[in-house]
Amino acid sequence: MQKVLITGIAGFLGFSYAKKLSETGLYKIYGIDNLNEFGDYSLKINRLNNLGFKDKEYSKDKEYKSEGTFNDITFQKIDITDFQKINTLIKNNNFDYIIHFASQAGVKYSFENPQLYIDSNIKGFTNILESIKNAKIKNLLFSSTSAVYGDNEKEEQTETDTLNPISPYAVTAQTMENLAKVYSNKYNIPITVLRIFTVFGEYGRTDMSILKFASRIKNEEPINLYNFGENKRDFLYVEDFTEIVFRLMNTTPKPFEIFNIGSGNSYKMKDIVKIIEKILNKKATINLLEKDIGDVESTKANIQKMISTSKFNNFSNLEKSIERTINWFENK
Ligand SMILES: NC(=O)c1ccc[n+]([C@@H]2O[C@H](COP(=O)([O-])OP(=O)(O)OC[C@H]3O[C@@H](n4cnc5c(N)ncnc54)[C@H](O)[C@@H]3O)[C@@H](O)[C@H]2O)c1
């Protein structure tokens, strides 16, 4: 069996990808996460429960084994900023693949607490790169973000565009990409950069637009629409996301490649709200506000490179996927 290390396994993307891999029955998965308090802590515990872990609390330096359907996952609470821990883990396990999602997310919060982003995204990621210098991994795939494009005048963003990040978060993601390129070149490590646009779906983050809006509309609380609702985002359903990453993981990687991971379609936020209103059969109270700090106006992925490499082109219907997401949210 191939061994895969997934970092950030209690997070939205790490969890979703662990589930996808475990369902194939072909991989031995080792998941790590520091279970930090950013975002919805109980959701992180729920995600681990869904993977077959029964605990409510997790101690450091202890390995937990999943039970039930997903019976080949090991979990350990590790902070990637701890070099000794991460280095020993990678040295002691011959991982075939490393899928790295354990980084600090969120544009706005990066203006309030930039050090956190430097710690996890730059220091933590460097610890991983240092630890795999001499390990013979087949591919390291890691999450970067469409936010690295920043304010980009173009209708759609292409991997070769000049980057112009406008938040500390996006700067750390660009630095991760640059560090990865240096390590890939110097130590001949196959690395795949996932420049992720906006992923949504079941078990998604409640600080992200779709679930945040659904929750507020349901509770009859007002929602803020920045840039008067005119901001546009490229939304990708989580099942499409995990399928794309799975295909890219299994593609013979070039030493260093960057892929936009999106749907190639962009929607105004005010139109996303209309879809949610229809599903909930409830009108939103909307505060139309000026452009927010660090927010880019429009994201739309040019996905030609991703499609030609992964051969994935069967995107889920947006309305139906939002409906599935909201149904999960209402019944969780
Ligand atoms: N979800 C999206 O649509 C999206 C889009 C673009 C980029 N990204 C990026 O992908 C990454 C994963 O996204 P997500 O939505 O799963 O976020 P998430 O916050 O749900 O998951 C990240 C997980 O990593 C863990 N973590 C953070 N710092 C850590 C550390 N120092 N050591 C160990 N674990 C740590 C957190 O506890 C969390 O469980 C983030 O960097 C995010 O910015 C996500």
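## Two sheets and a ligand shell

Let's start with the eight-stranded open sheet, whose strands follow the order β3-β4-β2-β1-β5-β6-β7-β11 with mixed pairing. At its edges sit β3 (63-65) and β11 (256-261), each of which pairs on one side only. On average, neighbouring strands of this sheet are turned by 20° against each other, direction ignored. Please keep in mind as you look around that this is a predicted model.

One pairing to look up in the viewer is that of β7 (residues 191-196) with β11: these strands pair in the parallel sense, over six bridges. Within this pairing, I196 has I261 of β11 as its bridge partner.

Next come the helices on this sheet. Helix α1 packs on the sheet and touches β1 (2-7), β2 (27-33), β4 (73-77), β5 (97-100) and β6. The direction of α1 makes about 165° with that of β2. Helix α8 (residues 238-249) lies across β5, β6, β7 and β11, and its angle to β6 is about 140°.

There is also an open sheet of three strands, in the order β8-β10-β12, again with mixed pairing. Here the edge strands are β8 and β12 (266-268), each pairing on one side only. The twist from one strand to the next averages 50°. Strand β10 (residues 232-237) and β12 run antiparallel and are joined by three bridges; R233 finds its bridge partner in Y267 of β12.

Helix α8 turns up again at this point: besides its place on the eight-stranded sheet, α8 lies across β8 and β10, running at about 70° to β10. The helix directions are gathered here for easy checking:

| Helix | Strand compared | Angle between directions |
|---|---|---|
| α1 | β2 | about 165° |
| α8 | β6 | about 140° |
| α8 | β10 | about 70° |

Finally, the ligand. How many residues surround the ligand, and which are the closest? The shell has 28 residues, and the closest are G8, G11, S103, A105 and S143. By residue type, the shell divides into 10 nonpolar, 14 polar and four charged residues.

Several elements described above return in this shell. At least two shell residues each come from α1 (12-24), α5 (114-132), β6 (139-145) and β8 (198-200). Of these, α1 gives the largest share, three residues. Helix α1 thus appears both in the ligand shell and packed on the eight-stranded sheet, while β8 both supplies shell residues and forms an edge of the three-stranded sheet.

Methods. Residues are numbered from 1 along each chain as its sequence is written. This is a predicted model: local features need pLDDT of at least 70, side-chain atom pairs count only at pLDDT 80 or more; totals for chains, interfaces and linings use all residues. A residue is near a molecule or strand if its C-beta atom, placed from the backbone, lies within 6 Å of it. Helices (H or I, at least four residues) and strands (E, at least two) are DSSP runs, numbered from the N terminus. Ala, Val, Leu, Ile, Met, Phe, Trp, Tyr, Cys and Pro count as nonpolar, Asp, Glu, Lys and Arg as charged, and the others, Gly among them, as polar. Two strands pair if DSSP finds at least two bridges between them. Axes are lines fitted to C-alpha atoms, for helices over the stretch in contact, and angles run from 0 to 180 degrees between N-to-C directions. Two residues are in contact if their C-beta atoms, placed from the backbone, lie within 7 Å.
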